[in-house]
Amino acid sequence: MRIRDTLVWAAIIAAFGTVLAPAAPISAEPAHAERTVGKTAREVDRRLASELHKNTADLAPAAADATWLRRVWLDTVGDIPSPEHATAFVLDPDPKKRERVLAELVANPQFGHNWARYFRDVVLYRRVEERAVLAADSVTAWLTEEINEGSGWDKVARDFITCTGDVRENGATAIVFAQDGRTEETTAEIARIFLGIQIQCAQCHDHPYDRWSREDFHELAAFFPRTTLRQVVSATKRSFEVGFNDNPRIRGKGDNANRTGAPEHYMPDLDDPQAPGTRMQPKFFLTGTELDFGTSDAARRGTAAELITKSPWFAKAMVNRMWAELVGEGFYEPVDDIGPDREASAPETIDYLAEQFAANDYDLKWLVQVIASTDAYGRESRPRRLPDDVPFTANVVQPLRADQLFNSLLSALSISETDRVPFDFKNEAAKAYGARITPRLIFNAAFGYDPSEPRESVSGSIPQALALMNTPQLNVAMSAGSRLRTTALGKMIASIDDDEQLVTELYLKTLSREPSDSELADALAYGESVGDRSEAAEDLLWALINSSEFSHRR
Amino acid sequence: MFSLQHHIRVKTNRERVTARRDFLKAVSVAAVAGGAVSWTDRISAAASEMRSNGKACILLWMAGGPSQFETFSPLAGHANGGATKAITTSVPGIEIADNFPSMAKMMDDVAIVRSITSKEGSHPRASFYMHHGYLPMGGVKFPTLGANVAHQIGDAACELPSYVRIGGRGQNSGDGGFLGVDYDPLILANADRPPQNTRPMSTDDRYARRLNLLRGLETDFGRSEGSDVVSDHRKLVDSAAEMILSPKMEAFDLDREKTNVRDAYGRSQFGSSCLLARRLIENGVTFVEINVGGWDTHQDNFTKVKELAGQIDSPMAQLITDLKSRGMLDDTLVVWMGEFGRTPKINPRGGRDHFPKVFNVALAGGGVKGGQVIGRTSPDGSEVADRPVQPKDLFQTVYTTLGINPNHENMSLVGRPIRLVDEGSVVTELLG
């Protein structure tokens with residue numbers, strides 16, 4: 001620690017007490033939940049050790065407090081800790097401080113926001129209907145509420161699968177809307193997201209390596225043919241509505257391509273595309289459970305929702321995805337292609353964690369707490385391993401998702417989202433469909449990526465680098481400002497006389513850690529060479545914001 | 001970063017070049033001192049410079065799978081041909097669909113392959129296949145066609161990225177893969193708008209100073225934990241900085257073209273994209289990919305393809321004409337293709353569905369012998385009757401045309417050698 005005046009920091013700790021998360025209520029989690037978190041995390045580590053880590057020399061050391069804190073903030077609330085939080089945490093002597101902070105962070109409302117945005121991206125990046133961006137707000141708002149209230153992931157899945165209503169009012173319609181209400185596409189997405197099974201490969205042909213046949217896929221699709229999607233005709237708003245068609249007099253097409261709902265689903269005849277194809281009875285490929293022809297939409301989708309959420313693959317798919325996000329690599333990769341024909345890197349570990357997730361009511365907060373409490377999560381990061389290396393010996397540096405980066409910029413530059421936010425990227429696509437254009441949405445369009453893609457395939461781009469380096473308004477926010485328009489940096493320069501403290505503060509503000517001795521020396525030497533204190537501070541802030549450490553979580 | 005130190009070949013605007021040299025000197029001295037340039041970076045930069053052969057490629061990618069019958073393989077006189085008529089072209093005996101009157105006049109320079117055949121009928125897999133020459137395989141990050149071409153013959157001395165992709169949200173179009181971020185495409189959403197944020201917000205001196213500061217920052221993080229991301233990030237920042245300080249940025253500004261040139265290409269997104277492609281190639285870019293979506297015509301195939309063809313026919317013909325009149329056509333290969341074709345039978349919705357078994361590709365320039373049709377289908381269009389061409393044969397041919405050895409082996413990240421194309425043979429009839 002390079003803290004000259006420990007009294008100052010003692011005062012800060014006194015002021016903040018032990019409440020380290022923004023506006024976090026003191027955790028009301030029952031002691032029981034806390035105990036199962038710790039117990040489950042230890043059992044996960046024990047199983048990993050016996051399945052993979054017989055040689056402990058491979059394991060990366062535990063991450064330092066500052067690294068761990070920034071990591072866990074980004075993974076829970078999707079933001080970076082302030083300098084005050086970072087410093088107080090590092091100085092806090094409580095041996096249980098990590099557990100405590102974690103519990104506070106998952107109880108923070110930003111936790112719901114962060115993961116709601118993540119799942120919004122999971123759903124919308126695979127949209128076949130561009131206008132599905134209209135549901136971006138509603139799906140985020142709905143998921144935020146569900147997650148913060150502690151709804152089980154099974155409830156969320158059931159709502160997604162059985163949804164009806166206006167896409168701008170009911171966020172649960174987002175999957176059906178994103179797939180344009182089409183039977184086969186909706187079926188494939190639901191299987192991919194909730195079961196981690198890519199059964200759509202069997203849509204056209206029997207897959208040579210998978211056990212699922214074309215019939216299996218189309219029998220699953222037969223739960224969804226009656227679902228409808230229609231445009232809401234209104235002078236005041238553009239929207240769509242998900243509904244159903246149980247009226248036998250309105251006979252839609254066998255493949256529901258016109259989205260008006262069909263009484264039954266037909267599997268196309270590949271040799272004769274003009275033929276109506278084979279009428280398929282709803283049947284769940286994992287259990288063989290069937291429904292009769294003529295069953296109503298509500299009963300079909302309700303049954304499908306029950307069957308899917310009761311399947312062991314349901315818990316496993318979610319555990320695998322969340323583990324991959326937090327530890328940097330899934331037990332199965334890609335995260336949404338698991339299933340009985342794939343091999344997990346540590347099968348007993350994921351089985352155990354999936355069972356416990358189900359036993360704990362599919363509680364997302366619980367799951368994040370457990371994973372973030374494991375040693376596997378808490379280790380230092382290393383570059384992504386090669387296929388022959390042992391998995392989970394270290395955490396992995398991850399590129400921030402667009403929302404995390406956006407939040408981090410706002411925090412590092414002390415800008416509020418409701419202020420004039422310094423981004424001016426165009427997004428004509430979204431505009432054309434009448435979606436509400438916010439700076440965050442525009443930023444996401446420029447920096448977002450599909451979170452289901454293997455993370456190593458996500459790379460930065462020249463336009464992104466240019467945006468962070470040269471966006472004019474962002475440069476104003478990174479400047480010392482003027483007498484008329486002050487900035488956070490301007491205030492810092494004015495209030496901190498000591499150069500060493502100024503450099504330290506800038507590091508804390510952006511990277512949530514203090515500079516190393518050599519970084520400090522370099523920064524001070526740079527200041528000397530520039531001569532102008534204010535200019536040097538601007539340059540340092542600019543460089544820190546443009547560093548890869550800022551746009552990644554280590 | 002190391003294209004930064006390369007000799008700069010710029011004929012115009014002496015003042016800016018001088019300023020640029022100073023700038024580069026300032027950056028690179030510190031970079032070398034800081035150990036930012038690895039030995040392999042230098043070697044690979046030097047190697048690609050040696051390989052550069054002045055060839056280039058423009059890929060016109062028809063996302064969704066264009067109907068062969070409504071484009072370059074009309075089936076007039078058979079029920080499967082539908083309402084589409086065949087028209088004669090400048091080459092006696094070759095007929096194409098009436099949706100392409102301008103291209104019909106260009107036939108002397110165009111070769112059509114009517115017998116491409118594959119098994120991949122789903123968009124993601126087929127699009128991956130026709131972009132990479134490989135099917136997706138877990139564990140291997142195959143580079144896409146444009147990345148391989150940029151890697152093999154890209155001009156490392158050019159400050160613009162070697163590989164530019166214009167428009168569209170192409171599915172599985174791919175990127176640099178195991179070749180790394182240096183070969184990722186620069187993606188432009190809109191040809192009429194130059195890349196944004198390309199003006200540094202400080203003086204050149206201060207910008208160079210800032211970049212040096214940035215480079216020195218990440219030595220700790222880049223040593224172990226984030227060595228991969230720091231190294232990729234540096235390359236990006238360097239290429240970005242290099243690009244925007246280059247006078248060649250003017251290539252992105254279509255307003256520098258005369259009105260009659262812009263009109264000849266047409267004031268449409270595709271017209272602008274074709275014109276931009278030509279300007280970029282002229283300025284040293286090696287591979288330009290233009291995405292045109294909407295070809296997945298399961299319904300109303302005939303109306304939709306007519307409309308799409310109306311957008312692309314004239315600009316595509318103008319692109320070939322313009323390249324030719326500038327003496328660039330012999331070195332610039334233009335490839336028109338999508339991920340698969342459409343079913344011969346017309347479905348009840350007036351559409352055609354996915355059909356990888358027989359589809360077509362059109363090529364022009366780059367030494368391809370125009371005025372010919374390769375391959376023939378059965379009269380109903382459902383089978384290849386003569387000269388089947390696999391996607392891998394096509395990739396062999398494209399690489400060969402560009403002066404690239406298709407058997408070249410790259411070392412993938414897992415230490416496994418990967419050939420540019422692992423099977424197939426060159427369609428020799430296509431080469432002049």
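This dialogue explains how to read several features of a predicted model.

Q: How are residues, chains and ligands labelled, and what does the model require of local features?
A: Residues are numbered from 1 along each chain as its sequence is written, while chains are lettered from A and ligands numbered from 1 in the order in which they are written. In this predicted model local features need pLDDT of at least 70, side-chain atom pairs count only at pLDDT 80 or more, and totals for chains, interfaces and linings use all residues.

Q: What is the mean pLDDT of chain B, and where does pLDDT stay under 50?
A: pLDDT is the predictor's confidence in each residue, from 0 to 100. Where pLDDT is low, the predicted coordinates should not be read in detail. Chain B has a mean of 86, with 87% of its residues at 70 or more. Residues 1-51 of chain B stay under 50.

Q: Which strands stand at the edges of the open sheet in chain B?
A: Strands of a sheet pair through backbone hydrogen bonds, either parallel or antiparallel. Strands here are DSSP runs (E, at least two residues; helices are H or I, at least four), numbered from the N terminus, and two strands pair if DSSP finds at least two bridges between them. The open sheet of chain B has 8 strands in the order 6-5-7-1-8-11-4-12, with mixed pairing. Strand 6 (186-188) and strand 12 (372-374) of chain B are at the edges; each has a single partner strand, so one side of each lacks a neighbour in the sheet.

Q: In which sense do strand 5 and strand 7 of chain B pair?
A: Strand 5 (residues 163-166) and strand 7 (residues 287-292) of chain B pair in the parallel sense over 4 bridges. Val164(B) has Val288(B), in strand 7 of chain B, as its bridge partner.

Conventions:
Contact = placed C-beta atoms within 7 Å.
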